[in-house]
Structures are given as structure tokens and as C-alpha cells.
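Trainee: Hi, could we go through the aromatic rings in this one together?
Mentor: Happy to, let's pull it up.

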Amino acid sequence: MFARGISFLIFSWFIFSAGFNNNPEKIKGTQEMFRFLNSLTFGNILMGVMALGFVCYGVFQYFYGRYSNS
């Protein structure tokens with residue numbers, strides 16, 4: 001859940017900055033998000049943690065869908 005939250009925060013920051021500057025070309029996608037994470041000081045570690053978070057979220061969703069009673 002944290003990996004999803006972080007990625008949504010980064011996406012929303014890109015959209016906010018594009019809207020604030022009236023420049024729709026500044027809206028970026030997933031590739032630019034990962035470039036931004038990689039450019040940080042501990043970027044490789046952050047990307048690994050996010051990847052692990054996305055994998056864990058996928059496993060959670062699988063078991064939730066498989067064993068849910070609804």
C-alpha cells in the first residue's frame with residue numbers, strides 16, 4: 001500500500017506542477033517517475049523498495065480475490 005501511495009504522490013506532484021505552471025507538457029508518466037526516483041540519493045534502494053511493495057500488493061490482491069467471500 002505504501003508503494004502505491006508513494007507513486008500516486010509523485011504522479012500528483014507532476015500534475016500539480018504542470019497545472020500550477022500552466023504547462024501541460026510537464027505532466028509525466030511512469031517512466032519519468034522512475035527516472036525521478038533513480039536520480040535521488042538512494043534512488044536504487046527506493047526503486048527496489050517500491051518494486052517489492054508492488055509485488056507484495058499484487059500477491060495481496062491475488063489472495064484477496066481468491067479467498068474473498070463476496
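Mentor: There are 4 aromatic pairs in the structure. Rings of Phe, Tyr and Trp (its six-membered ring) pair if their centres lie within 6.5 Å; planes under 30 degrees apart count as stacked, over 60 as edge-to-face and the rest as tilted. One of the pairs is Y57 with F60, which is tilted, at 6.3 Å centre to centre and 35° between the planes.

Trainee: Before we go on, what kind of model is this?
Mentor: It is a predicted model, where local features need pLDDT of at least 70, side-chain atom pairs count only at pLDDT 80 or more, and totals for chains, interfaces and linings use all residues. Residues are numbered from 1 along each chain as its sequence is written, and side-chain values use heavy atoms, leaving out hydrogens and water.

Trainee: Cool. How far apart are Y57 and F60 in helix α3?
Mentor: They are 3 residues apart, so about one helical turn separates them. Helices are DSSP runs (H or I, at least four residues), numbered from the N terminus.

Trainee: And is Y57 buried or exposed?
Mentor: Y57 counts as buried because its relative accessibility is 19%, while F60 is partly exposed at 41%. Buried means under 20% relative accessible area, exposed over 50%, partly exposed in between (1.4 Å probe, protein chains only).

Trainee: What about F63 and Y67?
Mentor: That pair is stacked, with 6.1 Å centre to centre and 10° between the planes. Both residues sit in helix α3, 4 residues apart. F63 is partly exposed at 43%, and Y67 is exposed at 57%.

Trainee: Which residues join Y57 and F60 in a cluster?
Mentor: Y64 does, giving one aromatic cluster with those two.

Terms used: Helix = DSSP H or I, 4+ residues; strand = E, 2+ residues; numbered from the N terminus.
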